Protein chains: 2
Amino acid sequence: MAVPRAAKTQRRTRIQEEKEERILDAALDVFSSNGFRGSTIDQIAEAAGMSKPNLLYYFRTKEAIHRQLIDRVLFTWLEPLQAFDAEGRPESEIRSYIRRKLEMARDFPRESRLFANEVLQGAPHIEDELKGPLKELVDEKAEVIRTWARAGKIAKCDPYHLIFSIWSTTQHYADFDVQVRAVLGQASAGEGRFEDAARFLEQLFMDGLRARAGK
Amino acid sequence: MAVPRAAKTQRRTRIQEEKEERILDAALDVFSSNGFRGSTIDQIAEAAGMSKPNLLYYFRTKEAIHRQLIDRVLFTWLEPLQAFDAEGRPESEIRSYIRRKLEMARDFPRESRLFANEVLQGAPHIEDELKGPLKELVDEKAEVIRTWARAGKIAKCDPYHLIFSIWSTTQHYADFDVQVRAVLGQASAGEGRFEDAARFLEQLFMDGLRARAGK
DNA sequence: GTAAGCTTTTACCAATCGGTCAAATATCGG
DNA sequence: CCGATATTTGACCGATTGGTAAAAGCTTAC
């Protein structure tokens, strides 16, 4: 029997690459809407259009699929905050961070829900990443915000809770999509709610931060 | 064999009441941290300190336990928004709504997570409640907010997204507790983060809503 | 074409799942 | 104390779970 990934050729076949991608995409569907424990290999295999043993030829365990997905998502998730630039204009930096996070909620809701499921259930697989890389990044950007506040460029406020509130408000539109749609009703048929949300959030945060900036 | 609830006596024993409460409490633990599909009757039974058949004597199915929990939580969850008073002062109404929601995130995190799990996974058990009672309540309160804005008492803004942002920012401290703790580090040992959050959120929302109220 | 390696399938396994059953035991009114 | 009823238990069931073994089928370089 041949070993799938990391074969002796060291070079991944075209088939391998295709199938692994199909599996990960299917797994993202399943994991993001059922959580880890609530998802089954059979579900993923069916969604990927292959038999269970065939799927297990590419990923040895259910955990392996999940881990790879989580790793990708974590990277993607940190990107917008990485882009936060200390040299930029505070107002436009924060505004575009909000906009990017909201775009991610719109364009990658499955990734958002995968992450939400993981954290909601105690983050058993990513506790280290949260306490390590994530915390360090947030610490760094919080310091930037604090500096802006001290320079009087924005209102004084707790930078950590500012970041939390941007995370929560934007991700809400992915994670609680069903609820948002239910409450907005027919009016939310299209993607208009994301534009409305963008307008609202920009007003909320920009006005809130500008309010006492001059004082 | 005796039928547990709704016995012919029509009157619930003290034992029944106690055991059912213990089961629901244990189930809240388990469901809130594993989701519905990720939770097992055995886990709940063990957490409740009884055998599985014994538990099933009080609740015929896993669904039955979950449904009862969800019903309770839904009721509790709507209460603060119910209290929103059209006759009150806009500023204090919104402020106290935020405070109450944040207190609930602090005091009933399991309930918040149970609800979050449910909605995150597509709200299969409560879609009707969301589209019915919840939507109606939100519609009603949104109209109140809109009236306040038209009267110039608060800044003009989309009332639905205002409500969403209050929900998301406050519930974030329950649902993403692990992440919040990880990022804040040791500093969040106590419950201080809730007071910090309260200060931050009040400033954010009140300044944001006041900003253009005068214009 | 053919051999070597890659991919897929069929059949299967032990463990766990939600739930049942009947017998054993505890409780309580009289 | 007794009988009736309420509660608890252990043994069990079929279905589903994550995962394996081995052989069959397919690609590809030569």
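This passage walks through a predicted model of two protein chains with DNA, from the symmetry of the copies to a few individual residues.

A good place to start is the relation between chains A and B. In general, two copies of a chain are related by a rotation about an axis and a shift along it. Here, a turn of 180° with a shift of 0.0 Å along the axis lays chain B on chain A, and the RMSD of that superposition is 0.0 Å. Such a relation is that of a two-fold axis. Both copies also use the same surface, since 100% of the contact residues of chain B recur in chain A.

The DNA comes next, with strand D as the example. Around this strand there are 22 residues, and those that come nearest are Lys62(A), Gln16(B), Lys19(B), Tyr57(B) and Tyr58(B). Sorted by class, the surface near DNA strand D is made up of eight nonpolar, eight polar and six charged residues. On the DNA side, sugar or phosphate accounts for 57% of the strand D atoms within 4 Å of the protein, while the rest belong to bases.

Several polar contacts can be followed to phosphate oxygens of strand D. For Tyr58(B), a polar side-chain atom lies 2.6 Å from a phosphate oxygen of the strand. The side chain of Tyr57(B) likewise has an N or O atom, 2.9 Å from a phosphate oxygen of DNA strand D. Chain A takes part through Ser39(A), where a backbone N or O atom is 3.1 Å from a phosphate oxygen of the strand. Looking at whole elements, two or more residues each come from helix H2 (41-48), helix H3 (52-58) and helix H4 (62-82) of chain A, and from helix H1 (14-34) and helix H3 (52-58) of chain B. Among these elements, H3(B) gives the most to the surface near DNA strand D, with four residues.

Turning to single residues, Thr169(A) sits in helix H8 of chain A, which covers residues 159-175. With a relative accessible area of 1%, Thr169(A) is buried, because anything under 20% counts as such. A polar atom of the Thr169(A) side chain lies 2.6 Å from the backbone oxygen of Ser165(A). The backbone oxygen of Ile166(A) is 3.2 Å from a polar atom of that side chain. Beyond its neighbours within four places in sequence, Thr169(A) is in contact with Leu201(A) and Phe205(A), and also with Ser165(B), Ser168(B) and Thr169(B) of chain B.

The cysteines can be described briefly. A disulfide is a covalent bond between the sulfur atoms of two cysteines. Over all chains, the structure holds zero disulfides. Cys157(A) is in no disulfide, and its nearest cysteine sulfur, belonging to Cys157(B), is 19 Å away. That distance leaves the pair unbonded, because a disulfide requires sulfur atoms within 2.5 Å. Cys157(A) is buried, with a relative accessible area of 15%. Cys157(B) is buried as well, its relative accessible area being 15%.

Finally, Asp25(A) belongs to helix H1 of chain A, which spans residues 14-38. This residue is partly exposed, its relative accessible area being 39%. Asp25(A) and Pro90(A) stand 65 residues apart along the chain, and their C-alpha atoms are separated by 37 Å.

Technical notes. Residues numbered from 1 in each chain as written. Chains lettered and ligands numbered in written order. Predicted model: local features only at pLDDT ≥ 70, side-chain atom pairs only at ≥ 80, totals over all residues. Heavy atoms only, no water. Buried < 20%, exposed > 50% of the residue type's maximum accessible area, 1.4 Å probe, protein only. Near = heavy atom within 4 Å. Polar contact = N/O pair within 3.5 Å; in protein donor to acceptor, adjacent residues only side chain to side chain. Nonpolar A, V, L, I, M, F, W, Y, C, P; charged D, E, K, R; others polar. Least-squares fit on C-alpha atoms with pLDDT ≥ 70 in both. Contact = heavy atoms within 4.5 Å.
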